[in-house]
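Trainee: Please pick one helix in this model and look at it closely. What surrounds it?

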Amino acid sequence: MNERMSSSQKIYWSCMSLDEFWLLSAYDDDDAHAISALCPTPHSSNRMLRWLVCGRLGPVWMWKALLLFLAIAFAGQLLGVIFNKSSVQPATRSIFSSPDAQGPSLGSCQPHIHIMFLKTHKTASSTVLNMLYRFGEERDLSFALPLGYQLGYPLPFNSHRVKGYRGPRAMEFHIMGNHMRFNKPEVEKVMPADTFYFSIIRDPVSLAESSFAYYKEVAPAFRKAKGLGDFADDPKQYYDPRLRNNHYARNLLWFDFGLDNNANFSIALAQRGVAMIRQTFKLVLVSEYFDQSMILLRHALCWPLDAVVSFSLNARQQKPSSSGAMSGSWVGKAAAVAGVSVRGGHSQVKTLPNLSLTAEQREKLRQWNSLDWYLYKTFNQTFWNEIDRFGLSQMEEEVALLRMRREELAHVCLRDGGKPVEAHRIRDKNIRPFQSGLVKILGYELQPGLDNTTRTACLRMIRPEIQYKDVLDAKQFPRGLVPPAQPGQQSQVRLVKQNSSRTGEKLVGREIRARIVKEGERDWDGIRLIRSNQTLIQGKV
C-alpha cells in the first residue's frame with residue numbers, strides 16, 4: 001500500500017503532466033482507496049485533478065484515447081518545428097550582388113562617371129551603349145539624351161540637340177552616347193572637362209556587309225545595286241556624294257568621326273585624321289575583339305566586371321524575313337533611328353540582299369573605303385599594343401572570367417539558354433527590338449520566375465536601345481517638368497520640329513522638344529521658327 005500510495009502521490013505531485021494519466025491506467029479497482037486519498041475534500045485546490053483521476057468526467061478509456069491523440073499531435077507539432085527550422089534557407093541573394101560581379105581587383109582607382117562614347121554605325125555600338133545606359137541608370141547619373149533618337153545625325157553635332165541643354169555648365173551631364181557625327185567643340189560645351197572619350201571601329205569590309213543589309217533602302221547607292229558584289233565591282237556607277245544618306249556607302253567610320261568621307265585618299269590626309277582622333281579619344285575599341293575590348297574598357301573606366309558583361313544586341317538574322325512589315329506603335333521611332341521611309345506603317349523592303357563577296361571584291365571594298373581601312377589598320381595596331389602593355393596572359397585570364405560570367409548571367413536571365421530569338425516570338429512587347437531594313441533584328445526573352453532585383457538587372461541587359469532611351473528620358477524628364485527659362489526668355493512653348501530632308505532623322509508624326517524660344521528665332525540649323533496653335537514649328541525661309 002505504501003508503494004501504491006507513494007505511486008499515487010507521484011500522480012498527485014505530477015499534477016497536469018501526461019505521465020499522471022499513463023500511471024493512472026496501471027491501477028485496478030483494488031486501488032480505489034489509494035486513489036481516493038488524493039481527494040480528501042471537495043474544497044481541494046486540485047479539484048480538476050481529482051475529477052480527472054476519479055473518472056467523474058467520463059470513463060478512463062476515453063481519457064486514454066484523448067491523451068493519446070494530444071500526445072501524437074504535440075509530437076507532430078514538435079517534429080514539424082524541427083523540420084521547418086532545418087529547411088529554412090537564407091534570403092535569396094541576387095546573382096548580381098555576388099562577389100563575382102566585381103571581378104578582379106582594380107586597385108584604388110575611382111570609377112569614371114563623365115563619359116563620351118562616339119557610337120559608330122554597325123560596330124556592335126548598341127551593345128556598348130547598353131552598358132553605358134545600365135551603369136548610369138544604376139547610379140542615377142544624367143544622360144545627354146537626344147531630342148529624338150539621334151543627336152542630329154547625319155549633320156555635325158550641335159549642343160542644342162541635347163535635351164535639357166541650357167548652355168555650358170548650366171547642367172551636369174555624365175554620359176553621352178547616342179548616334180552623332182562628331183563635332184568636338186560642340187561636345188565640349190555639353191560634357192565636363194574630365195570626360196573620358198572612347199569609340200569602337202570595325203573592319204570596313206564587314207562593316208560594308210552589315211551596312212548594305214541594313215541601309216539598302218536608305219542609301220541610294222545601295223538601293224541601285226542588285227547585290228553588295230555588284231556595288232563593290234564598280235562603286236562609282238552607283239555612288240553620288242550629293243545624295244542624302246549616301247554617306248552610309250563610303251568611309252562611314254571616317255564620316256562618323258566628323259571627317260570628310262569623300263576626300264581623295266593620301267597618306268598625309270589619313271595621318272592628320274588619325275592624329276585628330278587620337279588626340280581626343282583615349283581608347284578606340286575593335287569590334288572583332290569585343291571581349292578583349294571590354295577588358296581594356298573596364299580597366300580604363302575602373303568599372304566592375306558586370307558593368308562590361310553584355311549580351312549581343314541589335315544582331316541580325318542571317319535568313320530572309322517572311323514579311324518586310326514594320327508595324328506597331330514604334331514604327332516612327334524605328335524609322336527615326338534608321339532613316340527608313342515608311343508608308344502606311346510598312347517599310348518598302350521585301351527581300352534579303354545578296355551579300356556574297358569574292359576575295360577580289362573584298363579588296364575592292366577596302367580600296368573604296370581607303371580612309372576607313374587606314375583608320376582601322378592604325379587603331380587595330382594601337383589596340384594590340386595596349387594589350388601587350390596590359391599583359392597577354394592577364395588578358396586571357398580576364399577574358400575567360402568575362403565569358404564565364406556572361407554564360408552564368410545568360411543561364412539565370414535568359415530563356416532557352418540565352419539564344420537570340422525573332423522579335424515576334426518575344427512575349428513581352430516592350431522588349432521587342434525594332435525591325436528596320438532587310439533583315440530581322442533579334443532579341444531575347446527573360447527567364448520566368450526571377451526575383452525582382454534579378455529581373456530588373458536582367459531586363460536592363462536585354463532592353464533594346466530605343467526603348468531604353470525612352471525609359472531614361474521619362475526618368476530624367478518626367479512629364480510636365482519644363483526646364484527653367486534662361487534670362488530674357490519670356491514665353492514657354494513646346495517646339496515641334498517637322499521632318500527635314502537635311503537631317504536624316506526621318507520622323508513619322510512629329511518630334512517634340514521642351515525648349516523655351518521666341519517666335520522668329522532660328523533653330524540651330526538655321527530654320528526660322530513660326531507659331532502655330534501655341535506651338536513653334538520650323539518654317540521654310
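Mentor: Contact here means heavy atoms within 4.5 Å. The model is predicted, so local features need pLDDT of at least 70 and side-chain atom pairs pLDDT 80 or more, while totals for chains, interfaces and linings use all residues. Residues are numbered from 1 along each chain as its sequence is written, and side-chain values use heavy atoms, without hydrogens and water.

Take helix 14, residues 290-301 (helices, H or I of at least four residues, and strands, E of at least two, are DSSP runs numbered from the N terminus). Its 12 residues should span 16 Å at 1.5 Å a residue (times one less than the number of residues), and the end C-alpha atoms are 16 Å apart, so the two agree.

Of those 12 residues, 10 are buried (under 20% relative accessible area, 1.4 Å probe, protein chains only). They are Phe-290, Asp-291, Gln-292, Ser-293, Met-294, Ile-295, Leu-296, Leu-297, Arg-298 and Leu-301. The cover over these buried residues includes strand 1 (115-118), strand 3 (196-201) and strand 4 (283-286). It also includes helix 6 (125-138), helix 17 (370-390) and helix 18 (392-413).

Leu-297 is among the residues that Phe-198 touches, leaving out those up to four places away in sequence. Phe-198 also touches Ile-115, Met-116, Phe-117, Leu-118, Val-128, Leu-132, Phe-281, Leu-283 and Leu-285. In the largest nonpolar core (buried Ala, Val, Leu, Ile, Met, Phe, Trp, Tyr and Cys joined through side-chain atoms within 4.5 Å), which has 110 residues, Met-176, Phe-198 and Phe-231 touch the most other members. Helix 17 gives this core its largest share, eight residues.

Just after helix 14, Cys-302 has a positive phi of about 60°.

Methods. Buried < 20%, exposed > 50% of the residue type's maximum accessible area, 1.4 Å probe, protein only.
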